[in-house]
Amino acid sequence: LMAGPLAGKRVLVTSGPTHEPIDPVRYIANRSSGAQGSAIARAIAALGAHVVFVTGPADVPPPEGVEVIRVRTAREMLQAVETALPADAAIFAAAVADWHVTGASASKIKKTKGGMPSLQFAENPDILATVSAMKAGRPGLVVGFAAETDDVIAHATAKRERKGCDWIVANDVSESTGIMGGTENDITLITKDGAEDWPRMSKTDVAARLADRIAQALA
Ligand code: C5P
């Protein structure tokens, strides 16, 4: 049996991008590598929690010692999350696509001379907002992420209210920070008590520090 401050706790972590199919061989995706989500899942598992790791098709492999549920689309991710609940805490680190292609073709779309396919989109479910709004079985602690390029604190504080989650881990991803695709992160933790600026540190250290804060909150 795993000892540690999160022993006996069940924690859900979403990570990675989603892929939204156009046809059987093509999809719409985003540049999320899954690095920060994997690091967070690893750090939480290291404190003794049972981690359910719901991941889209990420570049970085899932950590050892967690229960992995692989999904492709945002709609599959929501289903996997709902199946994985209840949990003591849920951390939404995935970069979920905002839209999916409606009427994705069951067969490969053929190139026709002079003709371009036209795609139509519908909104994806907001997984973080859906779980935050749960009446029964809402995790005791729901944590979302916010990648912002300006007015980080104001935007992230508004996002916490809008999504209904308990904490927002906000980071400044403007180009000059070098955070997007880099190994370091510079985050502000937004809670109901306000904004807490963390010093710039490695993504691994962000994960360890966040895991400690989660352990304190669940204690
Ligand atoms: O609205 P925005 O995408 O900036 O919010 C980011 C946060 O919301 C992240 O925690 C992300 O995992 C979560 N999210 C989600 N489902 C969506 C969109 C975002 O869970 N469809």
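## The ligand and its pocket

In this predicted model, a nitrogen atom of the ligand lies 2.8 Å from a polar backbone atom of proline 125. Two further contacts to the backbone involve oxygen atoms of the ligand, one with alanine 94 and one with leucine 128; the table sets out the three distances.

| Ligand atom | Protein partner | Distance |
|---|---|---|
| nitrogen | proline 125, polar backbone atom | 2.8 Å |
| oxygen | alanine 94, polar backbone atom | 2.7 Å |
| oxygen | leucine 128, polar backbone atom | 2.8 Å |

Taken alone, the ligand would expose 450 Å², and the protein buries 83% of that area. The residues that surround the ligand are Phe92, Ala94, Val96, Pro125, Asp126, Ile127, Leu128, Gly144, Phe145, Lys159 and Lys163, and by class this shell consists of seven nonpolar residues, one polar residue and three charged residues. Helix H3 (127–132), strand S9 (141–148) and helix H4 (152–163) are the elements that each contribute two or more residues to the shell.

The ligand occupies the space of the largest pocket, which holds about 1200 Å³ and has a lining of 42 residues, with Ala93, Ala94, Ala95, Val96 and Ala147 lying nearest its centre. Two or more lining residues come from each of helix H1 (35–46), H3, S9, H4, strand S10 (167–172) and helix H5 (203–218), and S9 gives the most, with four residues. The lining of this pocket comprises 20 nonpolar, 15 polar and seven charged residues. Ala94 and Val96 thus appear both in the shell around the ligand and among the residues nearest the centre of the pocket.

Methods
Residues numbered from 1 in each chain as written. Predicted model: local features only at pLDDT ≥ 70, side-chain atom pairs only at ≥ 80, totals over all residues. Heavy atoms only, no water. Near = heavy atom within 4 Å. Polar contact = N/O pair within 3.5 Å; in protein donor to acceptor, adjacent residues only side chain to side chain. Areas by Shrake-Rupley, 256 points an atom, 1.4 Å probe, with all protein chains shown as cover. 1 Å grid on protein atoms, 1.4 Å probe; cavity = no way out; pocket = protein on both sides within 12 Å on 5 of 7 lines; lining within 4 Å. Sits in = over half its atoms within 2 Å of the grid points. Nonpolar A, V, L, I, M, F, W, Y, C, P; charged D, E, K, R; others polar. Points joined across faces, edges and corners; volume = space filled by probe spheres on them.
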